[in-house]
Amino acid sequence: MNIQEHFNVQCGCGVEAPLRTTLTNPNVGRRFLECVNYKSDNTCKYFDWVDPPTCERGKDFGNWIVKKNMDLDKDVEDLRKQILHVKKTDTDLKGEIRVLKERENEFGQKMEQWQKREGMVCNDDQLYE
Ligand SMILES: [Zn+2]
């Protein structure tokens with residue numbers, strides 16, 4: 001039996017009210033049952049706390065957890081942006097390397113042509129004469 005089945009409360013709509021946990025102050029972590037139509041339909045306002053009121057220590061701790069979670073979400077978002085930036089930089093650098101290698105090849109070919117024209121290159125067979 002899951003925790004939802006344990007409560008199994010039907011509201012005035014005849015629908016089983018889902019078990020939820022609030023993530024807002026001042027009841028962070030406190031569970032409740034609420035009609036699925038509670039916010040969209042004014043005819044049913046079924047709502048009931050499942051857990052007893054949270055003590056002050058629990059409220060403080062819950063608020064700390066919520067703030068910590070928000071900070072971590074922000075850190076994750078910042079890291080995602082940094083990863084995208086690094087990936088773009090990597091792509092840009094690979095493009096620059098490709099261009100530089102093409103230029104290096106062109107330079108090598110021109111150097112070879114120049115050396116041949118200036119008679120600075122001897123063929124291998126000339127070495128053994
Ligand atoms: Zn209802």
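Here are some questions and answers about the predicted model shown above.

Reader: What numbering and confidence limits apply here?
Author: Residues count from 1 along each chain as its sequence is written. The model is predicted, with local features needing pLDDT of at least 70 and side-chain atom pairs counting only at pLDDT 80 or more, while totals for chains, interfaces and linings use all residues.

Reader: Which pattern does the chain follow, read along the sequence?
Author: Helices (H or I, at least four residues) and strands (E, at least two) are DSSP runs, numbered from the N terminus. The chain has three helices and three strands. Read in sequence order, the pattern is α-β-β-β-α-α.

Reader: In what order do the three strands sit in the sheet?
Author: Strands pair if DSSP finds at least two bridges between them. S1 and S2 pair in the antiparallel sense over three bridges, and S2 (residues 31-34) and S3 also pair in the antiparallel sense over three bridges. That gives an open sheet in the order S1-S2-S3.

Reader: Which strands stand at the edges?
Author: An edge strand here has a single partner strand, so one side of it is left without a neighbour in the sheet. The strands at the edges are S1 (19-21) and S3 (47-49).

Reader: Which residue stands opposite Phe-47?
Author: Phe-47 belongs to S3, and S3 pairs with S2 (residues 31-34). The residue opposite Phe-47 is Glu-34.

Reader: How far does H2 reach from its first C-alpha to its last?
Author: H2 covers residues 56-117, which is 62 residues. The expected span is 1.5 Å times one less than the number of residues, and for H2 that is 92 Å. The model comes close to that, at 90 Å.

Reader: Is H2 largely buried or in the open?
Author: A residue is buried if 20 or more other C-beta atoms lie within 10 Å of its own, exposed if 12 or fewer, and partly exposed in between, with C-beta atoms placed from the backbone. Across the whole chain of 129 residues, 4% count as buried. In H2 the number buried is one of 62, so the helix lies largely in the open.

Reader: Where in the chain is confidence lowest?
Author: pLDDT is the predictor's confidence in each residue, from 0 to 100. The chain's mean is 88, and 88% of its residues reach 70 or more. Confidence is highest in H2, at 95, and lowest, at a mean of 63, in helix H3 (residues 124-127).
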